[in-house]
Amino acid sequence: REVTDNQTEGVIEGDLFKRSDRYIYYLNQESNGYELQIYSIADKNSEKVSSFDIQPETNTYFYGYFGKAEMYLSQDARTVTVISPVYHKNNRMLYTVMIGIDVSDPENITENARQYVSGNYITSRSVGDDILLLTQFNVNGRPNFSDETQYIPQTGALNNLKSLPIGDIVYPESADYARYTVVCKLDGRTLQTEGHYAFLSYTDTAYISASNIFTTRSYISVS
């Protein structure tokens with residue numbers, strides 16, 4: 001089971017290190033990707049049990065630690081979820097990818113899912129079996145309005161991204177920035193999206209509790 005220390009009870013934070021009652025998990029950056037390393041917990045006899053190489057998909061590359069890559073360990077310590085900013089070379093867009101990795105058998109680690117959300121990674125939390133993800137999606141100065149990927153946030157597999165429906169986009173009467181704060185709730189076991197909202201012209205500052213997400217927006221008073 002997952003036993004990593006966290007600042008808020010019931011709210012788990014992403015990190016490069018996670019721990020179960022048997023193993024320590026470490027996300028290491030390599031030149032072209034990441035390596036998930038698993039170590040036994042046995043005092044002076046602790047040793048590396050196994051490792052797993054994680055590579056970006058075709059025409060993409062990871063942003064690495066500069067983009068705040070993190071991971072989660074499920075409550076039953078059977079699944080690791082790696083979160084990383086990604087740049088797509090073809091459409092020149094930033095995404096955040098979540099990669100589900102089956103670590104139930106450390107000697108036979110497998111990847112089981114990848115899900116993408118438009119925008120650069122802000123932060124995330126895990127509550128129960130759910131992962132709450134926040135990204136910031138900036139609209140380019142001169143978007144091509146025939147291409148929804150340029151001005152509407154999307155989620156899904158890289159080759160099957162779906163735009164958020166208009167009902168999930170919150171926009172104020174006056175928008176100061178062409179920028180979205182995207183909030184997604186995902187099943188931590190399958191990485192399937194359970195809900196999402198995009199807040200236009202909001203900041204990237206947010207607070208996540210066990211039951212709520214608070215986003216912020218700046219105003220300028222003109223007298």
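What volume does the largest cavity have? About 110 Å³. The model is a predicted one, and a search of the whole structure finds one cavity of 30 Å³ or more.

**Cavity**

Lining the largest cavity are 13 residues. Nearest its centre lie Leu73, Ser74, Ser126, Gly128 and Gly188. Three strands, β7 (70–73), β8 (79–88) and β12, each contribute at least two lining residues.

**Pocket**

The largest pocket holds about 280 Å³ of space. Its lining counts 15 residues, and Leu132, Val183, Lys185, Ser211 and Ile213 are the closest to the centre. Two or more lining residues come from each of β12 (130–138), β16 (179–187), β17 (193–200) and β19 (213–215). β17 gives the largest share, with four residues. Strand β12 thus appears in the lining of the largest pocket and in that of the largest cavity.

The linings break down by class as follows.

| Site | Nonpolar | Polar | Charged |
|---|---|---|---|
| Largest pocket | eight residues | five residues | two residues |
| Largest cavity | three residues | seven residues | three residues |

**Surface patch**

Phe17, Ile24 and Ile41 make up a nonpolar patch on the surface. Together they have about 240 Å² of accessible area. Ile41 sits in the loop that runs between β4 (34–40) and β5 (48–54). Is Ile41 buried or partly exposed? Ile41 counts as partly exposed, because its relative accessibility is 33%, and buried would require under 20%.

Technical notes
Residues numbered from 1 in each chain as written. Predicted model: local features only at pLDDT ≥ 70, side-chain atom pairs only at ≥ 80, totals over all residues. Heavy atoms only, no water. Patch = residues over 30% accessible without salt bridge, like charges linked within 9 Å, V, L, I, M, F, W, Y side chains within 5 Å. Areas by Shrake-Rupley, 256 points an atom, 1.4 Å probe, with all protein chains shown as cover. Salt bridge = Lys/Arg side-chain N within 4 Å of Asp/Glu carboxyl O. Buried < 20%, exposed > 50% of the residue type's maximum accessible area, 1.4 Å probe, protein only. 1 Å grid on protein atoms, 1.4 Å probe; cavity = no way out; pocket = protein on both sides within 12 Å on 5 of 7 lines; lining within 4 Å. Points joined across faces, edges and corners; volume = space filled by probe spheres on them. Nonpolar A, V, L, I, M, F, W, Y, C, P; charged D, E, K, R; others polar.
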